[in-house]
Amino acid sequence: MDFYNDDELLEELKNRFHQQTESLKELEYLTGKLKELNHKLEESEKVKSHFLSNIRNEIINPFASIIGLSENIKNIPSEKIEKIYSMATLIHSEAFALDFQLNNIFAAAEIEAGDLALQYALLDVNELCNTIISSFKHEIVKKELKVNYSSNNSQVPLKSDPRKLKIIISNILSNAIKYSNKRADIDIKVHSDGAFVVIEIQDYGIGIEEKSQKLIFDRFKRIDDTINSLNTGHGLGLPVVQAYLDLIDGSIELSSEVNKGSTVTISIVNFKNVNDESFDDDDILFESGEEVF
């Protein structure tokens with residue numbers, strides 16, 4: 001058994017008190033971390049539940065409309081061709097919306113799984129953009145919008161991943177259409193200097209508050225209960241755009257003002273040296289009339 005004099009006993013007590021204090025601090029730190037982790041898990045569960053609910057709506061509602069309209073068409077007399085045409089147009093619109101959302105869902109799943117292999121090909125950005133605009137014709141006509149397209153070159157060759165670039169541009173245009181006021185303009189400008197291709201899409205719609213602009217790139221994040229501003233449908237649009245742009249060495253900028261509209265600008269590195277190589281029509285992907293999805 002050890003015996004301590006008064007000074008040694010006092011020193012031993014101080015050491016033990018210090019150890020207990022440090023242990024207490026560490027316990028408080030770990031408790032705080034556990035509370036933080038628990039909060040994140042609760043938020044994650046809420047997000048997943050909200051996401052799944054929205055996904056069901058985005059898939060089930062168009063399917064129900066397509067099935068219902070198809071059933072009704074069968075019962076329309078052949079002489080009422082105008083009504084048949086009108087319903088067929090609605091079916092196409094619903095099918096396009098469903099296909100568009102499914103592409104975003106699959107893209108998000110690939111991002112989550114880390115399955116992000118690049119497949120580079122040479123394409124003409126003008127042709128691709130005009131094809132995408134054409135694919136959204138029904139939505140553009142329905143809102144009586146005017147899409148103004150301009151480019152600094154008759155052909156804008158770009159070596160990039162065509163599928164990912166389609167999804168990027170389509171999401172941005174879809175947002176511009178969705179949040180534009182009726183009978184408004186949408187301006188699309190393309191500029192290429194060889195090293196970079198810049199695509200700017202500007203609408204004159206509802207816009208978004210500055211404090212909310214960063215939130216729209218967070219997957220599943222909703223700004224409020226009624227408007228997922230600039231995030232189409234279930235909130236996958238711009239987060240997918242951001243992830244894909246990071247992958248293909250691109251960047252995105254957003255400028256927006258409430259009730260005045262938004263401008264989204266993407267800049268993409270061009271891995272083709274266009275100054276030294278010819279660009280033949282046979283090399284162009286996505287010629288006019290080709291479906292985007």
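Is Asn259 buried or exposed? Select Asn259 and show the surface: this residue is exposed, with a relative accessible area of 63%. Keep in mind as you look around that the model is predicted.

**Stop 1: Asn259 and its loop**

Asn259 sits in the loop between strand S6 (250–257) and S7. Check its backbone while you are there: phi is near 70°, which is a positive value in a residue other than glycine.

**Stop 2: the whole chain**

Now zoom out and colour by secondary structure. The protein chain has six helices and seven strands. Following the sequence from its start, you will meet them in the pattern α-α-β-α-α-β-β-α-β-β-α-β-β. Of the 293 residues, 38% count as buried. Take the contacts in the chain with a separation of 6 or more: residues 24 or more positions apart account for 73% of them. Switch the surface on and you are looking at about 17400 Å² of accessible area, with 52% belonging to carbon and sulfur atoms.

**Stop 3: both ends of helix H1**

Select residues 6–74, which make up helix H1, and find Leu9 in it. Together with Leu10 and Leu13, Leu9 makes a nonpolar surface patch of about 280 Å². Leu9 itself is partly exposed, at a relative accessible area of 40%.

Next, select Lys74 and Glu71. They form a salt bridge, with the closest N and O atoms 3.3 Å apart. Both residues belong to helix H1 and are three residues apart, about one turn of the helix. An α-helix has 3.6 residues a turn, so residues three or four places apart point the same way. Lys74 is exposed, with a relative accessible area of 60%, and Glu71 is partly exposed at 40%.

**Stop 4: a bridge between two helices**

How many salt bridges does the structure hold? There are six. Side chains of opposite charge can pair when their charged atoms come close.

For another of these pairs, select Glu110 and Arg163. Their closest N and O atoms are 3.4 Å apart, and the two residues form a salt bridge. This pair links distant parts of the chain: Glu110 is in helix H2 (residues 81–113) and Arg163 is in helix H5 (residues 162–178), 53 residues apart. Glu110 is partly exposed at 21% relative accessibility; its partner Arg163 is also partly exposed, with a relative accessible area of 30%.

**Stop 5: helix H5**

Stay with H5 and select the helix as a whole. Why can H5 be described as largely enclosed by the rest of the structure? The reason is that 15 of its 17 residues are buried. You can also check the length of H5 with your distance tool: at 1.5 Å a residue, H5 should span 24 Å, and its end C-alpha atoms are 24 Å apart, which agrees.

At the N-terminal end of H5, select Asp161. This residue caps the helix, with a side-chain oxygen 3.2 Å from the backbone nitrogen of Arg163.

**Stop 6: Arg183 and its partners**

Move on to Arg183, in the loop between H5 and S4. Its phi is positive, about 60°, although Arg183 is not a glycine. Arg183 counts as exposed, at 56% relative accessibility.

Add Glu144 to the selection. Glu144 and Arg183 form a salt bridge whose closest N and O atoms are 3.7 Å apart. Glu144 lies in the loop between helix H4 (137–142) and strand S2 (146–151), while Arg183 lies in the loop between H5 and strand S4 (185–192), so the pair ties together parts that are 39 residues apart in sequence. Glu144 is partly exposed, at 42% relative accessibility. Now include Lys182: Glu144, Lys182 and Arg183 are linked in a network of salt bridges.

**Stop 7: Asn270**

For the last stop, select Asn270, in the segment after strand S7 (261–269). Is Asn270 buried or exposed? With 7% relative accessibility, Asn270 counts as buried.

Which backbone nitrogen does the side chain of Asn270 reach? Look for Lys159: the side chain of Asn270 reaches its backbone nitrogen at 3.0 Å. Then show what surrounds Asn270. Leaving aside neighbours within four places in sequence, its contacts include Pro157, Leu158 and Lys159, along with Gly194, Ala195, Phe196 and Val197.

Terms used
Residues are numbered from 1 along each chain as its sequence is written. This is a predicted model: local features need pLDDT of at least 70, side-chain atom pairs count only at pLDDT 80 or more; totals for chains, interfaces and linings use all residues. Side-chain values use heavy atoms; hydrogens and water are left out. Patches are made of residues with over 30% relative accessible area and no salt bridge: like charges are joined within 9 Å, nonpolar side chains (Val, Leu, Ile, Met, Phe, Trp, Tyr) within 5 Å. Accessible areas come from the Shrake-Rupley method with a 1.4 Å probe; for residues, only the protein chains shown count as cover. A salt bridge is a side-chain nitrogen of Lys or Arg within 4 Å of a carboxyl oxygen of Asp or Glu. Helices (H or I, at least four residues) and strands (E, at least two) are DSSP runs, numbered from the N terminus. Buried means under 20% relative accessible area, exposed over 50%, partly exposed in between (1.4 Å probe, protein chains only). Contact means heavy atoms within 4.5 Å. A polar contact is a pair of N or O atoms within 3.5 Å; within protein, one must be able to donate a hydrogen and the other to accept it, and residues adjacent in sequence count only if both atoms are side-chain atoms. The expected span of a helix is 1.5 Å times one less than its number of residues.
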